[in-house]
Protein chains: 2
Amino acid sequence: MGQVVALTGQVGGAKLVDGLYRLRGKDLAAVVNTGDDYEHLTLSFSPDIDTVLYVLAGIASAAAPWEPAGESHALFATLKAFGGPDRLALGDRALAAPLLRSAWLAEGRRLTEITLDFCRQLGIGARVLPMSDDQVRTHVLTEDGAVTFQEYFTTLACEPAVRGFQYAGADAAMLTPEVSNVLDAEDLEAVVICPANPYHTIRPILEVPGMRELLRKRGAPVIAVTPIVGGKALKGSAGKMMRELRHEASARRVALEYLRLIDGFVIDAEDAASAEDVRASGIEVLVANTVMRTLEDRSALARAVLAFAQTIRDRRLQEA
Amino acid sequence: MGQVVALTGQVGGAKLVDGLYRLRGKDLAAVVNTGDDYEHLTLSFSPDIDTVLYVLAGIASAAAPWEPAGESHALFATLKAFGGPDRLALGDRALAAPLLRSAWLAEGRRLTEITLDFCRQLGIGARVLPMSDDQVRTHVLTEDGAVTFQEYFTTLACEPAVRGFQYAGADAAMLTPEVSNVLDAEDLEAVVICPANPYHTIRPILEVPGMRELLRKRGAPVIAVTPIVGGKALKGSAGKMMRELRHEASARRVALEYLRLIDGFVIDAEDAASAEDVRASGIEVLVANTVMRTLEDRSALARAVLAFAQTIRDRRLQEA
């Protein structure tokens, strides 16, 4: 068995990474979106990275995997008493990684080094890699103007209609040696695009110059898993965004977002009827249970995705 | 009744400020040592300011007034799991003020403005004022070399013998308009030097250029309260430091540290025998119970100190 690389972010993405990690351990690398990162109270928040870390370390809250289990809000209560901002509830445990990250960034360390250090400390065998060490900030272009994703998500509660996205800083962002190495591995077996918002979670990763080429460099199958089931996002606002962008809110439409990048697409059994439409675009399709309610669901989906990649590799060998 | 200004820091200092506050409310200003301030994990810690704020706001722990009551350590436990430094235990609640302070300082606000804002938010009627907005850092010159007070206090656990002190930055530190205003008040009634370490708590305040002159400008009695009772500091290492500096560890010796600055000195009943020695230096002496175990002890000592100042004023009027 070779190396597996996952592109990921959000809760669904972290869950599939966890499934892949349970199967592959140290042979897994997760390339994580940092376009939703933000600064608050001088601290550097990387929500997608931290969610993956909590989940892989087994310390994530089951109900809210973006924070550690047993979260408390003592600091935040005191912060409010001192006149601090109250719009973003800060958990005590969830502040630890941003605090340490900020301190280490201030010492001149790279975000990648810091994140790999977190993995070692937490006993995570897989490599969790930021998509870049350079700052990329996803801006949501709404009917009321452009805002950062954080403002859209927290202050605006995802309400204004979305007209488009911009990835500020992406033009100048560099691939890291670590991301280049994992995607250039001779034994790269599959690239998995996890179920996550295609616009503000997966797309920023693809916007790092050279990333698309690197994903296809070794010729390993690139497989995406739908974040849309039955016309709705399981979590988050992907469905709403798709409708506002005047797209059909469907798994089929997500596949089109990845056209010319992916070899295979995994849709939910509920959307089995659209398999043929996707195949007509030249993309192979696997119908599977994509809704991960239990830990076993995560492993089962990961197993199905990797078997699907194997099928694609086998067919290519036969055709060659 | 006029204005009262206290010079303060440490737990004993905060307790007497609390007693004065209970008597005088908004007619009290506390000028607080910032020489023990430090940066940790990019945050700006001001331990003496925060202790005064917690005590005056009524949110201090009774057993450990340098932190809010009911302190927890969830963030710190997570920080350690992520590989963060473990030598300084950080409480969840006690991190709020440093976090907010750092963020507001980064916005270009002055430490004084921030501290007064904290007072308003916490419902503290008195003015808590940093001794300066400029950075002063007390260094302890030990037999093993010079270290910051924080290193001496935490890393070295106050162990190396002390040979002297330096107040880095004091030469260039400026008086703030707020400190100048409270000490230049026409109705200034008394200046109280609270019971606290004379070397690293009170002295840094006095090292701000212009401070000594300002303390005497209006001619209000300047009264110091001993931090040494029966040859020992109630809290902290004042007694140990005095012996290492080859001074007698005594209330009498503390009075000499304030020679030509103070009009009156308050010693504990336990040290009543040394009253005559202090009087021989031209300093008036009050013998009182200086050990503040209860809230009533704080008010009683504050009442005694202010009555002592009144006596000195009355005598001056008679002599004039």
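Okay, let's start where the two chains meet: 26 residues of chain B are in contact with 26 residues of chain A. Before I go on, bear in mind that this is a predicted model.

So what does chain B bring to that contact? Three of its helices, α3 (74-81), α4 (96-106) and α5 (111-122), each supply at least two residues of the side that touches chain A. If you want one helix to look at, pick α4(B): seven residues come from there, the largest share of that side of chain B. And the chemistry? On the side of chain B that touches chain A we've got 16 nonpolar residues, seven polar ones and three charged.

Right, over to chain A and one of its sheets. Here's an open sheet of three strands, and the order is β7-β6-β8, with antiparallel pairing. On the edges sit β7 (145-148) and β8 (162-168) of chain A, each pairing on one side only. Going from one strand to the next, the twist averages 25°. Just as a reminder, strands of a sheet pair through backbone hydrogen bonds, either parallel or antiparallel.

Let's zoom in on one pair. Strand β6 of chain A covers residues 137-142, and six bridges join this strand to β8(A), the two running antiparallel. To find your place on screen, go to A:Arg137: the bridge partner of that residue in β8(A) is A:Ala168.

Last thing, what lies across those two strands? On β6 and β8 of chain A you'll find helix α8 of the same chain, residues 198-207. Helix α8 runs at about 35° to β8(A). That's my tour, thanks.

Definitions and conventions. Residues are numbered from 1 along each chain as its sequence is written. Chains are lettered from A and ligands numbered from 1 in the order in which they are written. This is a predicted model: local features need pLDDT of at least 70, side-chain atom pairs count only at pLDDT 80 or more; totals for chains, interfaces and linings use all residues. Two strands pair if DSSP finds at least two bridges between them. Helices (H or I, at least four residues) and strands (E, at least two) are DSSP runs, numbered from the N terminus. Axes are lines fitted to C-alpha atoms, for helices over the stretch in contact, and angles run from 0 to 180 degrees between N-to-C directions. Two residues are in contact if their C-beta atoms, placed from the backbone, lie within 7 Å. Ala, Val, Leu, Ile, Met, Phe, Trp, Tyr, Cys and Pro count as nonpolar, Asp, Glu, Lys and Arg as charged, and the others, Gly among them, as polar.
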